[in-house]
Amino acid sequence: MKNRLSAKPCILGLAVAGLIAGSLLISGYIGFVDSNLFCSISGTGAPTITGYSPAEIQLQSIIHYATSKTVPQQSLDEIHISFDVLKVRCPCNFLVFGLGHDSLMWASLNPLGTTIFLEEDPKWVQTVLKDAPMLRAYHVQYRTQLQEADRLLSTYKSEPYCSPTKAFLKGNEKCKLALHNLPEEIYEKEWDLIMIDAPRGYFAEAPGRMAAIFSAAVMARNRKGSGVTDVFLHDVDRKVERTFAQEFLCKNKYYVNGVGRLWHFKIPPAANMSEADRTSDRFC
């Protein structure tokens, strides 16, 4: 995410701040009348993240985006797609591939929920957390490079532990697309929302998003709890993102909507799929 942030007109920063401010007002006032529109941050005994209450995180986010010229790459229309889902599902478990100046926004839009960021660059993790210590982020090492994308797509079917009926993540060293060495907490939780906006995928030696897309699909299919997994994929103007989304996220089946460079999928757990889909050797 850090390389996909740009200094845009202040109007977008103010719009993002307004979006968060609106969520704060809705949470503070509508929450008192037990509305399901958006999760309340006003309850007593609300959990904190490293000493910060949900309200403090949202207020800091408002201040940040109202005073900064550096804003997320995602457009306001793209942000609204995820925001509309968060309004319904929060507090929820929200996993974000990528860490950047938009991370404070995502965390503030999921008050009382768990929002965790996965970032490829350990130095960038330190830089972001220095200014936003309330964020929860982990450094992740990838085993792939963008230049391997075509080969990985054509050969993954020959590895049994890459198949949808046998695929798993933790310790799965045989399937190169599986993120096998994530922090334990990532494996322990079931993720309601997954945003894929990293790792970098714009030069040959970059990790690319192949493993992130594959692993998101495995997480969604292996979900034990009720409900679908909402998966958001950014930068779908690029070949690898589009191709791997069609292969593993199943654009023909689970695509819901999209705008600009963002696609939104709702992926059911394997238990809720038809027998043909559940036992198929293909994800889609």
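**Exercise 1. Handedness of the disulfides**

Task: In this predicted model, determine which hand the link of Cys250 and Cys284 has, and which hand the disulfide of Cys162 and Cys175 has.

Solution.
- Step 1. Confirm the bonds. The sulfur atoms of Cys250 and Cys284 are 2.0 Å apart and form a disulfide. Cys162 is joined to Cys175 by a disulfide with S to S 2.0 Å. The structure holds 2 disulfides.
- Step 2. Read the torsion for Cys250 and Cys284. The value about the S-S bond is -90 degrees, and the link is left-handed.
- Step 3. Read the torsion for Cys162 and Cys175. The value about the S-S bond is about 110 degrees, so this disulfide is right-handed.

**Exercise 2. Placement and burial of the bonded cysteines**

Task: State where Cys250 and Cys284 lie in the chain, then decide whether Cys250 is buried or exposed and which class Cys284 counts in.

Solution.
- Step 1. Locate the partners. Cys250 sits in the loop between H9 and helix H10 (251-254), while Cys284 is in the segment after helix H11 (275-279); with their positions 34 residues apart, the pair links distant parts of the chain.
- Step 2. Apply the cut-off to Cys250. Buried means under 20% relative accessible area. Cys250 has 2%, so it is buried.
- Step 3. Apply the cut-off to Cys284. Partly exposed lies between the 20% limit for buried and the 50% limit for exposed. Cys284 has 33% relative accessibility and therefore counts as partly exposed.
- Step 4. Turn to the other pair. Cys162 and Cys175 are both buried.
- Step 5. Check the backbone of Cys250. Its phi is positive, about 65 degrees, although the residue is not a glycine.

**Exercise 3. A cysteine without a bond**

Task: Explain why Cys92 is not bonded to the cysteine with the closest sulfur.

Solution.
- Step 1. Find the closest cysteine sulfur. It belongs to Cys90, at 6.2 Å from the sulfur of Cys92.
- Step 2. Compare with the cut-off. A disulfide needs sulfur atoms within 2.5 Å. The distance is too far, so there is no bond between Cys92 and Cys90.
- Step 3. Add the burial of Cys92. With a relative accessible area of 4%, Cys92 is buried.

**Exercise 4. Backbone features in loops**

Task: Identify which residues the cis peptide bonds join, and where Leu112 is found.

Solution.
- Step 1. Begin with Cys90 and Pro91. Their peptide bond is cis, with omega about 0 degrees. Pro91 lies in the loop between helix H3 (76-89) and S3.
- Step 2. Continue with Ala198 and Pro199. These residues are joined by a cis peptide bond with omega about 5 degrees. The loop between S6 and H8 holds Pro199.
- Step 3. Examine Leu112. Its phi is near 75 degrees, a positive value in a residue other than glycine. Leu112 is in the loop between helix H4 (103-108) and S4. Its relative accessible area is 32%, so Leu112 is partly exposed.

**Exercise 5. The nonpolar cores**

Task: Name the residues with the most contacts inside the largest nonpolar core, and the element that gives the largest share of this core.

Solution.
- Step 1. Recall the general pattern. In soluble globular proteins, nonpolar side chains tend to be buried together.
- Step 2. Describe the core. The largest nonpolar core has 48 residues, and Phe214 and Phe248 have the most contacts inside it.
- Step 3. Assign the sources. Elements that each supply at least two residues of this core include strand S3 (93-97), helix H6 (149-155), helix H8 (210-221) and helix H9 (239-249). The largest share, 10 residues, comes from H8.
- Step 4. List partners of Phe248. Leaving aside neighbours within four places in sequence, Phe248 is in contact with residues including Leu153, Ile213, Phe214, Phe283 and Cys284.
- Step 5. Note the second core. This separate core of 29 residues includes Ile57, Tyr65, Trp106 and Val125.

**Exercise 6. Trp124 and the whole chain**

Task: Decide whether Trp124 counts as buried or exposed, and find what share of the protein's residues is buried.

Solution.
- Step 1. Place the residue. Trp124 is in helix H5 (residues 122-131).
- Step 2. Classify the residue. At 16% relative accessibility, Trp124 counts as buried.
- Step 3. Relate Trp124 to Gly100. They are 24 residues apart along the chain, with C-alpha atoms separated by 8.4 Å.
- Step 4. Extend to the chain. Of the 284 residues in the protein, 54% are buried. The protein has 11 helices and 9 strands.
- Step 5. Consider contacts between residues at least 6 apart in sequence. Of these, 70% join residues at least 24 apart.
- Step 6. Finish with the surface. The protein exposes about 12,300 Å², and carbon and sulfur atoms supply 53% of it.

Methods:
Residues are numbered from 1 along each chain as its sequence is written. This is a predicted model: local features need pLDDT of at least 70, side-chain atom pairs count only at pLDDT 80 or more; totals for chains, interfaces and linings use all residues. Side-chain values use heavy atoms; hydrogens and water are left out. A nonpolar core is a set of buried Ala, Val, Leu, Ile, Met, Phe, Trp, Tyr and Cys residues joined through side-chain atoms within 4.5 Å. Buried means under 20% relative accessible area, exposed over 50%, partly exposed in between (1.4 Å probe, protein chains only). Helices (H or I, at least four residues) and strands (E, at least two) are DSSP runs, numbered from the N terminus. Contact means heavy atoms within 4.5 Å. Accessible areas come from the Shrake-Rupley method with a 1.4 Å probe; for residues, only the protein chains shown count as cover.
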